Amino acid sequence: MIKAKIAFLNKPYDLIVKEVELPDLKPDQVLVKLKAAGICGSDVECFEGKSGEGRYDIAPYTPGHEWAGEVIEVGNDVNIVKPGDKVTGDCVLHCGYCRNCKNGLMPSACLNMREAGFRSDSPGGWGEYLIMDHFYIHKLPDNWTYEEGALVEPFSVGYFGLWGNNGYVDASDNVVIFGAGPIGLCALITAKASRAKVVQVEPLRNRKEIAKKFGADYIIDPVKEDVEKRVMEITDGIGGNVVIEASGNDSAIASIFDVAAHSARVRLIGHSIGRKVPVEIGKTIWKTLLITGSGGVRSFLPRTITFMDRIRGEFKLTDLISHRYPFEKLHEGLKKAVEDKAGTIKAMLLF
Ligand SMILES: [Zn+2]
Ligand SMILES: [Zn+2]
């Protein structure tokens with residue numbers, strides 16, 4: 001019987017770490033020893049009680065949907081990974097048998113959807129060990145670091161924003177990205193790796209700097225500059241033909257329709273649940289915009305891993321990590337992430 005220290009979130013601001021005995025593995029399960037786990041903006045919002053994504057109604061739950069670890073043991077029916085393998089796992093867990101799943105819709109359409117790291121029945125990676133169904137486990141290349149592995153889930157959101165759901169981007173595109181937080185930066189890296197021209201809209205100094213480091217061609221400060229005017233100058237009066245909203249900011253969402261070119265592809269990946277934002281909807285009609293949301297990203301992680309593997313020589317993805325904490329300092333790391341949202345890009349727990 002393995003004993004493990006695991007974090008449990010009971011209610012806002014009430015996170016405890018306790019030692020528990022792990023249950024026996026079922027035939028289709030994988031036991032993972034955690035090595036790295038990110039602290040996501042969603043985790044911070046749930047911790048502060050500002051998001052309903054973390055299910056306190058069925059709490060306590062173990063957060064941590066961005067993780068990587070080593071396989072320690074596998075159930076009898078598992079043959080996709082073996083002990084010693086480096087792995088990560090899905091966040092959005094679909095059932096595979098409901099009507100929407102059987103229709104091949106995205107995992108976030110699953111009528112029985114669970115989310116690892118947000119519910120008591122699907123624990124995340126803020127603990128020494130994690131047990132997960134092999135259905136949701138993905139093998140990482142042997143030569144990767146665990147930190148890179150823990151970046152797969154957040155990277156998949158930015159990557160999916162451009163390339164998921166029949167999206168595409170190439171060297172002919174002028175991509176405007178609102179926000180240079182972790183997701184906006186992952187979208188930037190994806191766009192630059194695809195050789196597009198990128199205009200990043202971001203007011204915070206440290207985030208502007210890291211966007212520059214990852215190759216943003218232009219950076220617009222929306223507090224000091226007229227975003228629409230600048231985008232039109234940069235794009236010869238045409239506008240961005242790909243617009244990514246990764247800031248979750250109301251005025252950024254409203255600006256999308258001003259800076260988009262005719263027939264632009266607009267991809268919404270920034271979180272802004274629970275608010276309504278006034279936008280000039282007429283522009284979506286006359287500009288014939290194609291607006292796509294992005295939900296869960298299951299079945300996209302293998303492709304994300306391949307993409308990251310091919311660009312990791314060119315882009316140092318671990319530069320996204322601004323803070324590192326040993327798991328024992330979880331409370332300190334979380335406190336810092338809560339108090340210094342602007343200064344934190346990606347905080348990482350290490351085991
Ligand atoms: Zn996240
Ligand atoms: Zn389903």
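The following exchange concerns the metal sites, nonpolar cores and aromatic pairs of a predicted model.

Visitor: What is the arrangement of the four donor atoms around the zinc ion (ligand 2)?
Guide: This zinc ion (ligand 2) is coordinated by the SG atoms of Cys95, Cys98, Cys101 and Cys110, at 2.3 to 2.4 Å, and these donors follow the spacing C-x2-C-x2-C-x8-C along the chain. Cys95 lies in the loop between β6 and α2, and Cys110 in the loop between α2 and β7, so the pair ties together parts that are 15 residues apart in sequence. Four donors count as tetrahedral if all angles lie between 85 and 135 degrees. Because the angles here are 102 to 119°, the arrangement is tetrahedral.

Visitor: Is Cys95 buried or exposed?
Guide: The cut-off for a buried residue is under 20% relative accessible area. Cys95 has a relative accessible area of 17%, and it therefore counts as buried.

Visitor: Which residues are the protein donors of the zinc ion (ligand 1)?
Guide: The two residues come from distant parts of the chain, one in the loop between β3 and α1 and the other in the loop between α1 and β4, 25 residues apart. Both of them are buried. Their donor atoms, SG and NE2 respectively, lie 2.1 to 2.3 Å from the zinc ion (ligand 1), and the residues are Cys40 and His65.

Visitor: Which element gives the most to the largest nonpolar core?
Guide: The largest nonpolar core has 46 residues, and those with the most contacts inside it are Phe155, Val175, Leu185 and Ile244. Several elements each supply at least two residues of this core, among them α4, β10, β13 and α10. With seven residues, the element that gives the most to this core is α5.

Visitor: How many residues does the second, separate core have?
Guide: This core is separate from the largest one, and includes Leu9, Phe47, Val78 and Val92. Its number of residues is 35.

Visitor: How do the planes of the aromatic pair Phe160 and Phe300 lie, stacked or edge-to-face?
Guide: Nine aromatic pairs are found in the whole structure, and in this one the rings are 4.8 Å centre to centre. Phe160 lies in helix α4 and Phe300 in the loop between β15 and α10, so the pair ties together parts that are 140 residues apart in sequence. Both Phe160 and Phe300 are buried, and they form one aromatic cluster with Phe155, Tyr159 and Phe307. With 85° between the planes, the pair is edge-to-face.

Notes:
Residues numbered from 1 in each chain as written. Chains lettered and ligands numbered in written order. Predicted model: local features only at pLDDT ≥ 70, side-chain atom pairs only at ≥ 80, totals over all residues. Heavy atoms only, no water. Core = buried A, V, L, I, M, F, W, Y, C linked by side-chain atoms within 4.5 Å. Buried < 20%, exposed > 50% of the residue type's maximum accessible area, 1.4 Å probe, protein only. Helix = DSSP H or I, 4+ residues; strand = E, 2+ residues; numbered from the N terminus. Donors = N, O, S within 2.8 Å, 3.2 Å for Na, K, Ca; no water. Phe/Tyr/Trp six-rings, centres within 6.5 Å; stacked < 30°, edge-to-face > 60°. Tetrahedral: all angles 85-135°; square planar, octahedral: opposite > 155°, others 65-115°.
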